[in-house]
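Q: Please take a close look at one part of this model, the packing of a pair of helices, and then place that pair in its surroundings. I would like the cut-offs stated along the way.

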Amino acid sequence: GRYAATLLQPEGNIVIMNGSANSQYTTECSKGFINETDKHPGIHIVAQAEGRFSESAAYEQMCKIIDSCNCSIDLVFAQNDMMAKGIAKAFEDHPTVHRPFILGIGANGVDGAELIENGIIDAAMLYPTEGYKIITLAYKILTNQPFERENPIKTTIIDINNVDLIKIQYGQIIERTEKLEHLSLLLKTRRIQTFFISCLTDIPTWNTRSKTGNRYVWSAARK
């Protein structure tokens, strides 16, 4: 919200494309955004819609808003990059309408960064998943350890000025992940080979045997 207000100062009209009404993420995200924009009297939220985190749903909702809104739209805030992409397509299909600044959330992965690089959306707030922190928090809850009920996530704005750096970082992450997966496969293959070799060395043979009456008795001989 602070970033959007800075872009629009001193005044402007904003549309918010929410994700899902049943999502806590949507509720908290909208609340934080509006809390910041409300600090600026000249900035107004003129419409909100539910895009269900979907490109197609966001496209449909944005088209309805464009057709019904009787004021200019200066910025559209979408709660993920795919909805932002659908919003961009809606304005592309309404060429006589002023195209606003389109701000998403995510920029996660090469695909999200390319939306910015190719000018489909203007910027996105980086949304780090930080799964390890969620696991740590869950562990503390399950083991009755003290924990923080609110855990702010640090973010930054990705736009045309720094998207190249983000793409390089994501490329390095993908490369390292592929190397780790390859190494894991090699280790798994080596364990399987070791297991079979171990089994083969323990196969009983005819090398040592004794005769008891009319029956032969197997004796395991390690090679």
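A: Helix α3 passes helix α4 in a right-handed crossing, that is, the near helix is turned clockwise from the far one by less than a right angle; helices here are DSSP runs of H or I with at least four residues, strands are runs of E with at least two, and both are numbered from the N terminus. This is a predicted model, in which local features need pLDDT of at least 70 and side-chain atom pairs count only at pLDDT 80 or more, while totals for chains, interfaces and linings use all residues. Residues are numbered from 1 along each chain as its sequence is written, and side-chain values use heavy atoms, with hydrogens and water left out.

Two packed helices are described by the angle between their axes and the distance between the axes. The axes of α3 and α4 come within 7 Å and cross at roughly 40°, where axes are lines fitted to C-alpha atoms, for helices over the stretch in contact, and angles run from 0 to 180 degrees between N-to-C directions. α3 is therefore oblique to α4, given that angles under 35 degrees count as roughly parallel, over 145 as roughly antiparallel, 65 to 115 as roughly perpendicular and the rest as oblique. On the α3 side the contact (heavy atoms within 4.5 Å) involves Glu-55, Ala-58, Tyr-59, Met-62, Cys-63 and Ile-66, and the residues of α4 that take part include Met-83, Gly-86, Ile-87, Ala-90 and Phe-91.

Ile-87 also touches residues beyond α3: leaving aside residues up to four places away in sequence, its contacts are Met-17, Ala-58, Met-62, Val-76, Ala-78 and Ile-102. Together with Met-17 and Met-62, Ile-87 has the most contacts inside the largest nonpolar core, which has 28 residues; such a core is a set of buried Ala, Val, Leu, Ile, Met, Phe, Trp, Tyr and Cys residues joined through side-chain atoms within 4.5 Å, buried being under 20% relative accessible area with a 1.4 Å probe, protein chains only. Among the elements that each supply at least two residues of this core are β1, α3, β3 and α5 (109-117), and α4 gives the most, with six residues.

Both helices also belong to the surroundings of an open sheet of six strands, ordered β2-β1-β3-β4-β5-β6 with mixed pairing, where strands pair if DSSP finds at least two bridges between them. Helix α3 (residues 55-68) packs on this sheet, touching β1 (12-18), β2 and β3 (75-78), and its direction makes about 150° with that of β1. Helix α4 (residues 81-92) packs on the sheet as well, touching β1, β3, β4 and β5, at about 160° to the direction of β4.

Terms used
Buried < 20%, exposed > 50% of the residue type's maximum accessible area, 1.4 Å probe, protein only.
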